[in-house]
Amino acid sequence: MKISLTTQMLLALVLGCVCGLIVSAVGISPAYFKPLGDIFITLIRMVVVPLVFTTLVAGASSVGDLHKLGNIAVKTLCYYVGTTAIAVTIGVVIANVIQPGVGLTISTEGVKALNVNPPSLLKVFMDIIPLNPFEALTKGNMLQVIFFALFVGMACSTLKKEYEVVLRMFEGLAEIMLKITTAIMYYAPIGVFGLMTFTVGTYGLDVLLPLLELIITMFVACILHILLCYVPCIRFTGLKIRQFFKGIASPLLIAFTSTSSAAALSTNLQSVQKLGASKPVSSFMIPLGNTINMDGAAIYMGVAGIFAAALYGIDLTIDKQLLIIVMAVLASIGSIGVPGAALIMITMVFTQVGIPLEAIAVIAGVDRILDMMRTSLNVLGDATGALFVSKLEGDFVLPQDSEE
């Protein structure tokens with residue numbers, strides 16, 4: 001009997017958890033298993049930049065009508081900003097209800113704040129324009145790659161028929177990158193096993209228990225956001241909820257185990273297109289969302305802000321909580337799709353409302369667990385957005401095997 005790739009990854013995840021507990025119990029270093037996961041993440045990220053560039057160029061050029069491309073961009077940004085605002089609001093509300101950190105006694109003596117310097121919002125926007133497009137491609141600066149790819153795609157859409165070979169070249173290169181991604185995915189179960197063994201073996205239960213309330217708050221907020229925000233959008237497309245989650249199981253598992261939305265990008269792009277998202281919309285939204293759509297990070301910032309304030313006995317008034325919401329939305333735009341980025345960006349939120357930065361060092365103890373949740377939500381939000389906007393544009397095609 002042939003076992004599907006998704007099932008193999010689920011089995012690898014379970015086996016990794018069990019192996020991690022065994023490794024921790026017998027005293028074997030979990031670092032021995034980390035290279036298995038690192039190889040997988042590196043292989044995936046190897047194809048991310050060429051895949052994003054070629055698919056965006058092909059997608060933008062295939063739209064043809066620049067007015068239509070503008071409509072897609074406006075709807076995309078409205079969706080991303082709207083869902084991110086809802087996400088951080090849910091995080092703040094749930095944190096106020098559960099009140100993680102209240103009554104918690106964790107010694108912060110000797111704990112030093114992380115030495116981080118988050119970029120200003122102005123710098124984030126100014127850095128979108130690449131000084132050297134080739135440097136942006138080699139360094140993997142996704143916002144700059146997206147900006148340049150859209151310009152190339154729009155220029156390609158204006159070419160005369162005798163130059164259409166250029167369009168076909170980019171379409172062919174995009175297909176090649178997708179084929180490479182498919183080949184890399186055969187290694188995914190091994191990578192997932194290595195990542196989970198390392199995570200569970202490193203952090204174990206001793207680190208989780210003191211901050212269990214914080215983890216539960218984050219989990220509840222994420223589930224509520226899915227139910228209130230994503231499920232209605234999926235129902236609007238006509239897809240069955242079970243069919244949707246089955247279709248994006250692979251990118252979600254990659255996001256959950258690797259804590260990198262960039263690692264899940266290529267698989268997410270393939271998955272949403274199989275579910276009916278149009279190539280122009282998905283090729284535009286998935287890479288862009290991977291960089292600026294951070295619903296999970298926004299929830300994390302809201303929850304962490306309330307938690308840290310309670311931990312230090314700081315009374316957060318309504319106006320400060322509203323400021324957390326605004327700052328979290330803005331800061332999430334600057335969160336790059338790599339592990340731990342939100343932990344760095346949260347300094348912007350803490351600084352604005354007067355929370356000691358030493359709280360970040362406390363939260364860092366369980367940040368890997370929180371990162372698994374927020375990265376999965378980020379990827380889920382990208383997939384939902386691609387399907388939702390495709391439906392709004394009239395380009396959504398319900399899969400033939402859709403349940404009646």
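**Exercise 1. Work out how long helix α1 is, and which way it faces.**

Start with the length. Helix α1 covers residues 5–26, which makes 22 residues, and from first C-alpha to last it reaches 31 Å, close to the 32 Å expected at 1.5 Å a residue. Keep in mind that you're looking at a predicted model.

Next, pick out the buried residues of α1: M9, A12, L13, G16, C19, G20 and V23. They sit on the same side of α1, because they cover an arc of only 145° around the axis. The spacing fits a general rule: an α-helix has 3.6 residues a turn, so residues three or four places apart point the same way.

Now flip to the face turned away from that buried side. Here you'll find the exposed residues L15, A25 and V26.

Last step: go just past the end of α1. There G27 takes a positive phi of about 90°.

**Exercise 2. Find the largest pocket and say which helices help to line it.**

First, its volume: the largest pocket comes to about 850 Å³. Then its walls: 23 residues line this pocket, and the closest to its centre are L5, T6, G247, S250 and K274.

Now match the lining to helices. At least two lining residues come from each of α1, α10 (241–247), α11 (249–258) and α12 (265–274).

**Exercise 3. Get a feel for the whole protein, then zoom in on its core.**

Count the elements first: the protein has 18 helices and zero strands. Then check burial: of the 404 residues, 54% count as buried.

How far along the chain do contacts reach? Take the contacts between residues at least 6 apart in sequence: 85% of them join residues at least 24 apart.

Now for the core. The largest nonpolar core has 120 residues, and F350 and L370 are the ones with the most contacts inside it. Zoom in on F350 and leave out residues up to four places away in sequence: F350 touches A304, G305, A308, I355, P356, L357, A359, I360 and I363.

**Exercise 4. Decide whether helix α14 is mostly buried or exposed.**

Size it up first. Helix α14 (residues 295–311) has 17 residues and reaches 24 Å between its end C-alpha atoms, close to the 24 Å expected at 1.5 Å a residue.

Then tally the burial: 16 of the 17 residues of α14 are buried, so the helix is largely enclosed by the rest of the structure. After α14 comes G313, with a positive phi near 70°.

**Exercise 5. Track down the neighbours of T83 and I184.**

Begin with T83, which has its place in helix α3 (residues 66–98). Its relative accessible area is 5%, and buried means under 20%, so T83 counts as buried.

Which residues does T83 touch, not counting those up to four places away in sequence? They are H225, C229, N293 and D295. For D295, compare sequence and space: T83 and D295 are 212 residues apart in sequence, yet 6.8 Å apart from C-alpha to C-alpha.

Now repeat the steps for I184, in helix α7 (residues 164–184). With 7% relative accessibility, I184 is buried. Again leaving out residues up to four places away, I184 touches F40, L43, I44, M46 and V47. I184 and F40 are 144 residues apart in sequence, but 7.8 Å apart C-alpha to C-alpha.

**Exercise 6. Visit three loop residues and check how accessible each one is.**

Stop one is S29, in the loop between α1 and α2 (34–63). At 33% relative accessible area, S29 is partly exposed. Its C-alpha atom is 8.2 Å from that of T202, which is 173 residues away along the chain.

Stop two is Q99, in the loop between α3 and α4 (121–126). Q99 is partly exposed too, with a relative accessible area of 42%. Check its backbone: phi of Q99 is near 55°, a positive value in a residue other than glycine. As background, most residues other than glycine have a negative phi.

Stop three is T259, in the loop between α11 and α12. Phi of T259 is also positive, near 55°, and again the residue isn't glycine. As for accessibility, T259 has a relative accessible area of 1%, so T259 is buried.

Key:
Residues are numbered from 1 along each chain as its sequence is written. This is a predicted model: local features need pLDDT of at least 70, side-chain atom pairs count only at pLDDT 80 or more; totals for chains, interfaces and linings use all residues. Side-chain values use heavy atoms; hydrogens and water are left out. A nonpolar core is a set of buried Ala, Val, Leu, Ile, Met, Phe, Trp, Tyr and Cys residues joined through side-chain atoms within 4.5 Å. Buried means under 20% relative accessible area, exposed over 50%, partly exposed in between (1.4 Å probe, protein chains only). Contact means heavy atoms within 4.5 Å. Helices (H or I, at least four residues) and strands (E, at least two) are DSSP runs, numbered from the N terminus. The expected span of a helix is 1.5 Å times one less than its number of residues. The arc is that of the directions from the helix axis to the C-beta atoms. On a 1 Å grid over the protein atoms alone, a cavity is a set of points where a 1.4 Å probe fits but cannot get out, and a pocket is an open set with protein on both sides within 12 Å along at least five of seven lines; lining residues have an atom within 4 Å of a point. Grid points are joined across faces, edges and corners, and a volume is the space filled by probe spheres set on the points.
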